[in-house]
Amino acid sequence: WLSLNYISDQSNSWEGASETLEQASADFSLSQLALHLGDTSSSADLLTRSGYWKNLYNPAATKQLGYIQGRNKDGSWKADFDANSGHLFVEGSPAQYLWMVPFDGAGLKNLVGGDEAMATRLDEHFHKPDGSWVLFRDKAEYSDVSNQPSIASPWMYLFTGQAYKTQDTVRSTIELLWNNTTKGIPGQDDLGQMSSWYVFSALGIYPLIPGRADMVLSSPIFTKAKIGNLTINAPQASSENRYIKSLHVNKANSNKSWIDNSYITTPVTLDFQLSTTPNKQWGAKQLDRPLSFSSTVNSQQAGEK
């Protein structure tokens, strides 16, 4: 990790590309802990390490598109790449793991070609060509929000300014995967991780960025909820009203698709107005999108071959 600035398969790893992405998120979380402890030097070092995921982004992974791809120790790309293979990453495919950079959505967006390019790729990840949803255990080119590598994917639309697509995708996932049947909890709950995805998503808030208490936002399914200092009101909440028409935070109008961590120490009230039709302007401006943490990467061997 420290010498190559990525994890090669030629190591004690269970798929080096998967572990690189996981290690990047872990180091980002530690960078935030160090920052809160006042250790700015360690925080800066760890933030730099969190950017090592970029060393595995190959813009020419396929003839059409770039992907995260495994690398050998000598810096060469791992051979026989198939973006839709379920065997190159742990319990997932390159197409599914591409989105597993929740702390640097803007950095990923820039690598894949900007707002529209990223939104289009997400559209094609969640929908078949006929427009139907694909959210659960289909071909590996599509999402599987019942499994950890894909649970952040619906929220990545927020970094493109198309927050209404996050709202639609999250609601569709809840309705398809989380329901009052014998299959109402998809896959393994893994010590509550998957159930917690449902709880947060149902509340219309989600802790997307590891190591931080910021919450990204979607449309609540409850008309009212209260957790500690945080009060959530959504009087029009229903299956049909899945889009955010407007939001007031402590009575002040807000177009931000996220909130900071002030709710931990002070009362915060979110008043959602929901609708059957999307408000495509809500969360669209750059300043209204979630925070993203990019860093300059010391690539060393990575990127040289």
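## A small antiparallel pairing

Strand S3 and strand S4 (residues 215-217) are joined by two bridges and run antiparallel. Here, strands count as DSSP runs of E with at least two residues, helices as runs of H or I with at least four residues, and both are numbered from the N terminus. For two strands to count as a pair, DSSP has to find at least two bridges between them. One bridge to look for links Ile205 with its partner Leu217 in S4.

Before going on, a word on what you're looking at: this is a predicted model, where local features need pLDDT of at least 70, side-chain atom pairs count only at pLDDT 80 or more, and totals for chains, interfaces and linings use all residues. Residues are numbered from 1 along each chain as its sequence is written, and side-chain values use heavy atoms, leaving out hydrogens and water.

## The three-stranded sheet

S3 and S4 belong to an open sheet of three strands, ordered S3-S4-S9, with antiparallel pairing. Strand S3 (205-206) and strand S9 (258-259) are at the edges with a single partner strand each, so one side of each has no neighbour in the sheet. What holds such strands together? Strands of a sheet pair through backbone hydrogen bonds, in either a parallel or an antiparallel way.

## The five-stranded sheet

There's another open sheet, this one with five strands in the order S5-S6-S10-S7-S8 and mixed pairing. Its edge strands are strand S5 (224-227) and strand S8 (252-253), each of which pairs on one side only.

Take a look at S7. Strand S10 (residues 268-275) pairs with S7 in the antiparallel sense over six bridges, and one partnership is Ile244 with Leu274 in S10. Strand S7 (residues 243-249) also runs antiparallel to S8, joined by two bridges, with Val249 partnered by Ala252 in S8. The hairpin of S7 and S8 has two residues between the strands, and Asn250 takes a positive phi near 50° there.

## Two residues tucked away in loops

Leu98 sits in the loop between helix H3 (94-97) and helix H4 (105-112). Buried or exposed? Leu98 is buried, at a relative accessible area of 1%. (Buried means under 20% relative accessible area, exposed over 50% and partly exposed in between, using a 1.4 Å probe and protein chains only.) If you skip neighbours within four places in sequence, Leu98 is in contact with Tyr57, Tyr67, Ile68, Leu108 and Arg121, where contact means heavy atoms within 4.5 Å. Leu98 and Pro149 are 51 residues apart along the chain, yet their C-alpha atoms are separated by 9.0 Å.

Ser93 lies in the loop between strand S2 (67-68) and H3. Its relative accessible area is 0%, so Ser93 is buried. Again skipping neighbours within four places in sequence, the contacts of Ser93 are Ala83, Asn84, Ser85, Gly86 and Ala140.

## The whole chain

Zooming out, the protein chain has seven helices and ten strands. Its radius of gyration is 19 Å, which agrees with the value near 19 Å for a compact globule of 305 residues. That radius is taken over C-alpha atoms, and the globule rule is 2.2 Å times the number of residues to the power 0.38. Along its principal axes, the C-alpha trace spans about 60 × 50 × 35 Å.

Buried residues make up 50% of the 305 residues. Of the contacts with a separation of 6 or more, 64% link residues 24 or more positions apart.
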